[in-house]
Amino acid sequence: MLHAKSESDVTSLAPSSPSRSPKRPVYYVQSPSRDSQDGDKSASMQPTPSFNSPMESPSHPSFGRHSRNSSASRFSGIFRSSSGRKNGRKRNDKGWPECNVILEEGKYDEFDEEKGLTRRCQALLALLGFVVLFTIFCLIIWGAGRPFKAEITVRSMVVNNFYVGEGSDFTGVVTKMMTVNASLRISVYNPATFYGIHVTSTPINLIYSDIVVASGQLKKYFQPRKSRRTVLVRIEATKVPLYGAGSSLDAATNGGYKVPLKLEFEIKSRGDVVGKLVRTKHKKEISCDLVIDSTSTKPIKFKKNSCVYS
């Protein structure tokens, strides 16, 4: 059964004349989809007709079927799941879906800590090895320097003034008193081949019957390696009271005195082998017996058996 078409229907179905609606040009807009990043530009390019009026422009808000279809088709290829259904995800302010961040287990700092610990261990091992090697080196040098002891020899003593007489001490007690002024010559030899020595001494005492009647001091000095030196030490004292020990002193026929004395002192030597880190120290105690004649001006010479070196 045929129905008659109304005039309005015929008018709406009729093609529009070229004068009223000219042919619209077609241009392409690239969709902000992920397919464009994969290199498939042909799938992301869609023909979009131009619009004659601002009302027909897609920037104008529209709630028609065309706007819904275009937005759905624009994002449908991105947010579909493997089964073809749309994935219901939350969207942010810009309309993009929020994606879950994949959290990896473990910390990257663990590898850095292991590397740092290894470096510290290597540094400690290197330092420990250096200390051990340096200690062994110092011990070898110290052991090589130990046998080189300074050789001490007492040569002679010149008595410039020797006097024994009667007197009284500061309390007024009458006793014999002794005055001595002498010079002692000592020879020091350093046999070390690669270091010098610092030489000094304890007080050099001239003793009569356990009483120190005169004393002197060797000034500290430095002596180079493989060298010999003769030092001069002044020994002197004035009016030393002898008390009971002076009763054994008897004057000779010529009016002079022959007094048996003992010379005691200690020579110390120190060698800096490796600066202040490695040092060798030696000391030698010396004891000599002698007799001083107040009437003689000749120097007293010491023989090898006159002194004891220990």
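A residue counts as partly exposed when its relative accessible area lies between the buried limit of under 20% and the exposed limit of over 50%. Keep that in mind as you click around, and remember that this is a predicted model.

**Stop one: colour by confidence**

Start by colouring the protein by pLDDT. The mean is 75, and 61% of the residues reach 70 or more. Now select residues 1–19, where the pLDDT is below 50. Leaving aside near neighbours in sequence, that stretch has two contacts in the model. Next, select 78–84. Here too pLDDT stays under 50, and the model has nine contacts beyond four places in sequence for these residues.

**Stop two: the nonpolar core**

Which residues touch the most other members of the largest nonpolar core? Select Leu184 and Leu206: they are the two, in a core of 49 residues. Stay with Leu184 and show what surrounds it. Not counting residues up to four places away in sequence, Leu184 touches a list of residues that includes Val154, Ser156 and Met157. Also on that list are Ile204, Val231, Leu232, Val233 and Ile235, along with Leu263, Phe265 and Phe302.

**Stop three: the aromatic rings**

The structure holds three aromatic pairs. For one of them, select Phe148 and Phe194, whose ring centres are 6.4 Å apart; their planes stand at 85 degrees, so this pair is edge-to-face. Zoom out a little and you'll see that the pair links distant parts of the chain, 46 residues apart. Phe148 sits in the loop between helix H4 (109–145) and strand E3 (151–168), while Phe194 is in the loop between strand E4 (174–190) and strand E5 (197–201).

Now add Tyr195. Phe194 and Tyr195 make an edge-to-face pair as well, at 5.1 Å centre to centre and 70 degrees between the planes. With that, Phe148, Phe194 and Tyr195 are linked by ring pairs into a cluster.

Are these rings buried or partly exposed? Turn on the surface to look. Phe148 has 24% relative accessibility, so it counts as partly exposed. Phe194 is partly exposed too, at 38%. Tyr195 is at 3%, so it counts as buried.

**Stop four: a charge over a ring**

Jump to Tyr221 and show Arg229 with it. Arg229 lies over the face of the Tyr221 ring, 4.2 Å from the ring centre.

**Stop five: the salt bridges**

Side chains of opposite charge can pair when their charged atoms come close. How many salt bridges does the structure hold? There are three, and you can visit each of them.

Begin with Arg234 and Glu236, whose side chains meet in a salt bridge at 4.0 Å, N to O. Arg234 has a relative accessible area of 45%, so it is partly exposed. Glu236, at 43%, also counts as partly exposed because its value falls in the range between buried and exposed.

Finish by selecting Asp272, then Arg270 and Arg279. Arg270 forms a salt bridge with Asp272, with the closest N and O atoms 3.3 Å apart. The side chains of Arg279 and Asp272 meet in a salt bridge as well, at 3.2 Å, N to O. Put together, Arg270, Asp272 and Arg279 are linked in a network of salt bridges. Check the surface once more: Asp272 is partly exposed at 24%, and Arg279 is partly exposed at 29%.

Conventions. Residues are numbered from 1 along each chain as its sequence is written. This is a predicted model: local features need pLDDT of at least 70, side-chain atom pairs count only at pLDDT 80 or more; totals for chains, interfaces and linings use all residues. Side-chain values use heavy atoms; hydrogens and water are left out. A nonpolar core is a set of buried Ala, Val, Leu, Ile, Met, Phe, Trp, Tyr and Cys residues joined through side-chain atoms within 4.5 Å. Buried means under 20% relative accessible area, exposed over 50%, partly exposed in between (1.4 Å probe, protein chains only). Contact means heavy atoms within 4.5 Å. Rings of Phe, Tyr and Trp (its six-membered ring) pair if their centres lie within 6.5 Å; planes under 30 degrees apart count as stacked, over 60 as edge-to-face and the rest as tilted. Helices (H or I, at least four residues) and strands (E, at least two) are DSSP runs, numbered from the N terminus. A charge sits over a ring if NZ of Lys or CZ of Arg is within 6 Å of the ring centre and within 35 degrees of the ring normal. pLDDT is the predictor's confidence in each residue, from 0 to 100.
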